Amino acid sequence: MIKPILEPQQTGETRKIYSVSELAFKVRKQLEDVIGQIWITGEISNLALPASGHWYFTLKDNGAQLRCAIFKNRNRSARFTPEDGQQVLLRAKLSLYEPRGDIQLIGEYIEPAGEGALQIAFNRLKEKLQAEGLFALELKRSIPKYPKKIGIITSPSGAAIKDVLSVLKRRMPQIPVIIYPSQVQGEKAAKSLIEQLEIANQHAQCDVLLLTRGGGSLEDMWCFNDETLARKIRESNIPVVSAVGHEVDTSISDWVADLRAPTPSAAAELLVPDQTDLRHKLIQLERRLIGEFEHKLQVAQSKLDTLIARIVHPKQRLNHYKVELSSLNKSLFSVQKYLVQAKTAELKDLSSRLHGYNPKLQLAQAKSSLQQANKSLTQSWKYLLKQKQQMLALKAQKLNNISPLATLERGYTITEDEKGKAITSAVKAKKAKYLTTRFADGEVKSIPAKS
């Protein structure tokens with residue numbers, strides 16, 4: 001509750017007297033501090049949009065009305081331009097405009113009435129499709145860097161198509177554009193967008209599709225939050241770029257598309273390269289190519305000059321070859337002469353050595369050696385035989401001197417038993433079976449007499 005500003009006068013007390021300004025200030029502070037920030041809904045009337053950029057209007061319903069002001073630094077974030085008779089939802093502070101003594105609302109945020117419910121529906125659908133993976137980065141297709149043909153699905157009479165075509169004409173007018181006319185606002189807009197998206201895929205004439213419209217309220221752009229449209233964008237065989245509303249606006253189409261652009265103009269700049277930049281790049285490449293060509297040409301010219309310097313007139317080269325050939329012939333003759341002499345000497349040596357290995361010569365030498373050896377052997381044998389005969393005679397003489405036979409010749413005899421043992425006694429003679437008595441000229445056998 002608002003506290004009472006003026007206290008009842010009491011007897012004996014000094015009266016508190018306020019100036020108008022003091023009282024107005026105190027009322028304003030009470031309103032701002034006690035009530036503070038509030039949400040309020042109502043209908044706009046008496047709308048004023050001065051050059052200062054501030055918005056002034058009256059917010060009313062069937063029973064009351066309040067003055068409202070939304071200053072420039074606050075209305076920049078608004079996604080729509082208010083109109084008289086429009087129902088809005090306003091977040092504001094209740095205050096007092098002291099110069100006039102009027103109670104007024106100082107707005108901080110405004111949106112069309114009912115947009116809060118649309119925002120809830122938007123968030124629910126976004127969460128649902130995100131959970132299904134329709135926004136996954138790995139599903140997004142790459143946008144061609146140099147498209148051969150661009151398809152634009154939008155209203156053919158809206159501001160968006162003019163902005164897009166203007167940017168495309170400025171940046172790359174050579175690229176053809178196909179416009180697929182569609183509604184971009186209203187109950188039938190979502191169905192119209194889906195139909196044009198399907199037609200574009202059936203014809204397959206474009207490398208990329210742009211789905212776009214200008215700014216507006218959430219309700220105005222609600223067709224781009226259609227679930228069926230989102231799924232068709234994801235199923236499209238052609239990459240889709242979405243550029244719906246202004247930079248602060250975001251739609252389900254933006255989330256599910258392969259690329260989101262903040263504005264239609266920005267989308268056009270993303271779709272095609274700038275021909276000026278390309279021209280500059282081509283000039284740079286041309287310069288580099290010319291530089292490389294000139295460098296290679298210089299290298300080739302240098303090689304050519306070197307080769308030319310090495311070229312000799314055929315007659316001069318022929319004379320040079322003649323001299324070289326004559327020198328080679330002399331060298332060859334010298335080498336051949338040396339080789340013949342060396343081989344002749346080698347042949348003589350081999351012939352001499354071969355003559356030494358002649359079989360007839362070797363046989364004659366062998367016969368001569370054999371005869372000499374035979375002669376030497378005969379002489380050696382005769383000499384050895386004579387020595388042996390002399391030795392034999394000497395030994396025979398010695399043997400004869402000690403031989404029993406010599407004794408026998410002097411009249412002695414040798415008696416042996418049957419075993420050839422000498423009998424040295426009469427006892428042994430009697431025991432023998434028979435006796436052999438040896439004389440110098442023979443032997444006599446006898447039987448000993450038994451006693």
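Ile-311 is exposed, with a relative accessible area of 62%; exposed means over 50%, buried under 20%, and partly exposed in between (1.4 Å probe, protein chains only). Ile-311 sits in the loop between α9 (275–310) and α10 (314–356). Helices here are DSSP runs of H or I with at least four residues, strands are E runs of at least two, and both are numbered from the N terminus.

A word on the source: this is a predicted model, in which local features need pLDDT of at least 70, side-chain atom pairs count only at pLDDT 80 or more, and totals for chains, interfaces and linings use all residues. Residues are numbered from 1 along each chain as its sequence is written, and side-chain values use heavy atoms, with hydrogens and water left out.

Now to the inside. The largest nonpolar core has 30 residues, and Leu-193, Leu-209, Leu-211 and Ile-233 touch the most other members. Such a core is a set of buried Ala, Val, Leu, Ile, Met, Phe, Trp, Tyr and Cys residues joined through side-chain atoms within 4.5 Å. Elements that each supply at least two residues of this core include α3 (115–132), β7 (177–181) and β8 (208–213), while α5 gives the most, with six residues. Beyond its neighbours within four places in sequence, Ile-233 is in contact (heavy atoms within 4.5 Å) with Arg-141, Leu-197, Leu-211, Val-240, Ser-253, Val-256 and Ala-257.

Helix α8 (residues 264–271) has buried residues too: Pro-264, Ala-266, Ala-267, Ala-268 and Leu-271. Their cover includes β6 (150–154), α4 (159–171), β8 and β9.

What about cysteines? Cys-68 is buried, with a relative accessible area of 4%, and Cys-206 is buried at 8%. A search of the whole structure finds zero disulfides, a disulfide being a pair of cysteine sulfur atoms within 2.5 Å.

Two residues deserve a look at their backbone. Most residues other than glycine have a negative phi. Asn-46 has a positive phi, and Ala-204 has a positive phi as well.

| Residue | Phi | Place | Relative accessible area |
|---|---|---|---|
| Asn-46 | near 55° | strand β1 | 58%, exposed |
| Ala-204 | near 50° | loop between α5 and β8 | 54%, exposed |

Finally, Gly-53 lies in the loop between β1 (37–48) and β2 (55–60). The C-alpha atoms of Gly-53 and Ile-70 are 9.3 Å apart, with their positions 17 residues apart along the chain. Leaving aside neighbours within four places in sequence, Gly-53 is in contact with Lys-72 and Asn-75.
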